[in-house]
Amino acid sequence: MAKRYDTLVRLLLVGDTGVGKTCLICQYACNEFHETHITTVGVDFKMKTISMDGKNVRLQIWDTAGQERFEAITKQFYTRAQGCVLVYDICSRSSFESLTKWLLFVQQASFLLLLCGDNYAKDGVVSIIVGNKSDLSSKRQVPMQMAQQFANDNNLRFYEVSAKDSNSLIKPFEDICKDILIAENKRLENVEKIDLKSPDTRNKAKSNGSPGKKCC
């Protein structure tokens, strides 16, 4: 089958168990909401195609388990994702405090890519912070100002959403996709610049009379 999209974007949702990652994905990708908690085992994913700047963007959204026993499995997906959505529950202070750990995993993945020779990983995976369950504000344990300050300190976008409200999910997912596409375009431009400075290009320039070092 001919592909029906122009660009593929891979997103990873991470956060403590119970923050509503699966509910967010089901609502955004399938317009479904489940009241009962569904525990993700390892990694699951859903697909969604959106239109952006006249192009069809295919989102592959990975849902990860939040339990520590699955961390070894989920960490393998950090280096494959172009974007990461760090999710916490506004009614759970501990899930918010865990954002530091999840953000560290993302940063470590970018560092590993650099060690493997991926010079375009230096800017890191595009990440955003999402506070879920905004419909339960009466049970709030994390002030919005606190979460916004954490986002500002780490130079990340911040949103509060509800998995029950599909409209609240549109902006965060569209924004991270836009940021990813901008980052990818910059990387392609850098690749073109490096190609122009490749050894073959330099040798050709020398053979055409460009100055170079004399051999002994």
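This text walks through the salt bridges and the internal cavity of a predicted model.

The structure holds seven salt bridges. One of them joins Glu-97 to Arg-93, with the closest N and O atoms 3.6 Å apart. Both residues belong to helix H3, which covers residues 93-97, and because they are four residues apart there, about one helical turn separates them. Arg-93 has a relative accessibility of 34% and therefore counts as partly exposed.

Another salt bridge is formed between the side chains of Asp-135 and Lys-164, at 3.8 Å from N to O. This pair links distant parts of the chain, since its members are 29 residues apart. Asp-135 lies in the loop between strand S5 (126-132) and helix H5 (144-153), while Lys-164 lies in the loop between strand S6 (157-160) and helix H6 (167-196). As for accessibility, Asp-135 is partly exposed at 37%, and Lys-164 is partly exposed with a relative accessible area of 46%.

Helix H6 also holds a salt bridge of its own, between Lys-171 and Asp-175. The closest N and O atoms of Lys-171 and Asp-175 are 3.2 Å apart. The two residues are four positions apart in helix H6, so about one helical turn lies between them. Their surroundings can be described one at a time. Lys-171 is exposed, with a relative accessible area of 52%. Asp-175 has a relative accessibility of 8%; the limit for a buried residue is under 20%, so Asp-175 counts as buried. Lys-171 and Asp-175 are also part of a network with Arg-157 and Asp-179, joined by salt bridges that share partners.

The remaining topic is the space inside the protein. Rolling a probe the size of a water molecule over the atoms shows where empty space is left. Searching the whole structure gives one cavity of 30 Å³ or more. The volume of the largest cavity is about 60 Å³.

Which residues line the largest cavity? They are Leu-24, Val-85, Ile-128, Val-130, Val-161, Leu-169, Pro-172, Phe-173 and Ile-176. Two elements, S5 and H6, give two or more residues to this lining. The largest share, four residues, comes from H6. By class, the lining of the largest cavity consists of nine nonpolar residues, with no polar and no charged ones.

Helix H6 thus appears in both parts of this account: it contains Lys-171 and Asp-175, and it contributes four residues to the lining of the largest cavity.

Technical notes:
Residues numbered from 1 in each chain as written. Predicted model: local features only at pLDDT ≥ 70, side-chain atom pairs only at ≥ 80, totals over all residues. Heavy atoms only, no water. Salt bridge = Lys/Arg side-chain N within 4 Å of Asp/Glu carboxyl O. Buried < 20%, exposed > 50% of the residue type's maximum accessible area, 1.4 Å probe, protein only. 1 Å grid on protein atoms, 1.4 Å probe; cavity = no way out; pocket = protein on both sides within 12 Å on 5 of 7 lines; lining within 4 Å. Points joined across faces, edges and corners; volume = space filled by probe spheres on them. Nonpolar A, V, L, I, M, F, W, Y, C, P; charged D, E, K, R; others polar.
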